[in-house]
Amino acid sequence: MKQGKVILADNHQNMLAGERTLLESMFETVFMVADEASLIEAAEKLKPDLIVADLSLPVTSEINIVRRLKKVFPGIKLIILSVHDEGSAVGECLVAGASGFVLKRTAVNDLVRAIETVMKGDIYMSPSVVKTAKEISGDVKVKKS
């Protein structure tokens, strides 16, 4: 059974196309945008169940897209896609309110699992991000599916 609506925000057209193909079987509506203004406008109109956004999407008034989206839509479920696996990037996103963090290089394997986890109300991080976080901190308690 298909879920509601998802917005994909990424300024890399190849990534958007791949994500859309992956998610069309999961959601009734898959809407794609390539910039912050379009993302905010689409989210206001569509009231999506989930936003999947590139961490590198340029924003005008915040440090990153997570802070911007959580300020405007505090209750939104948000999965961040990123090429960055540094602990500081992951930590910043989770502290700001992201529900998931998926590495672009593993999105084909991780994105569906991330969506299923986040839609149940849990937090998801790509397994290699968890490994990096454990190496940095020594022991991170994260619920994995």
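## Starting with a pair of strands

How many bridges join strand E1 to E3, and do they run parallel or antiparallel? Four bridges link E1 (residues 3–9) with E3, and the two run parallel. Along this pairing, isoleucine 7 stands opposite isoleucine 51 in E3, while leucine 8 faces valine 52.

Keep in mind that this is a predicted model.

## The other side of E3

E3 also pairs with strand E4 (residues 78–82), again through four bridges and in parallel. Here alanine 53 sits opposite isoleucine 80 of E4.

What about the side chains of E3? Leu50, Val52 and Asp54 point one way, Ile51 and Ala53 point the other way, and all are buried. In a regular strand, side chains alternate between the two faces of the sheet. Five of the five residues of E3 are buried, so the strand is largely enclosed by the rest of the structure.

## The whole sheet

Zooming out, there's an open sheet of six strands in the order E2-E1-E3-E4-E5-E6, with parallel pairing. Its edge strands are E2 (27–33) and E6 (124–125), each of which pairs on one side only. Helix H4 (residues 87–96) packs on this sheet and touches E4, E5 (100–103) and E6. The direction of H4 makes about 150° with that of E5.

## How far to trust it

Mean pLDDT for the protein is 84, with 86% of residues at 70 or more. Among the elements, E3 (residues 50–54) has the highest mean, 95, and helix H6 (residues 127–137) the lowest, 60. Over residues 136–145, pLDDT stays under 50. Where pLDDT is low, the predicted coordinates shouldn't be read in detail.

Terms used: Residues numbered from 1 in each chain as written. Predicted model: local features only at pLDDT ≥ 70, side-chain atom pairs only at ≥ 80, totals over all residues. Heavy atoms only, no water. pLDDT = per-residue confidence, 0-100. Contact = heavy atoms within 4.5 Å. Buried < 20%, exposed > 50% of the residue type's maximum accessible area, 1.4 Å probe, protein only. Pairing = 2+ DSSP bridges. Axes fitted to C-alpha atoms, helices over the stretch in contact; angles between N-to-C directions.
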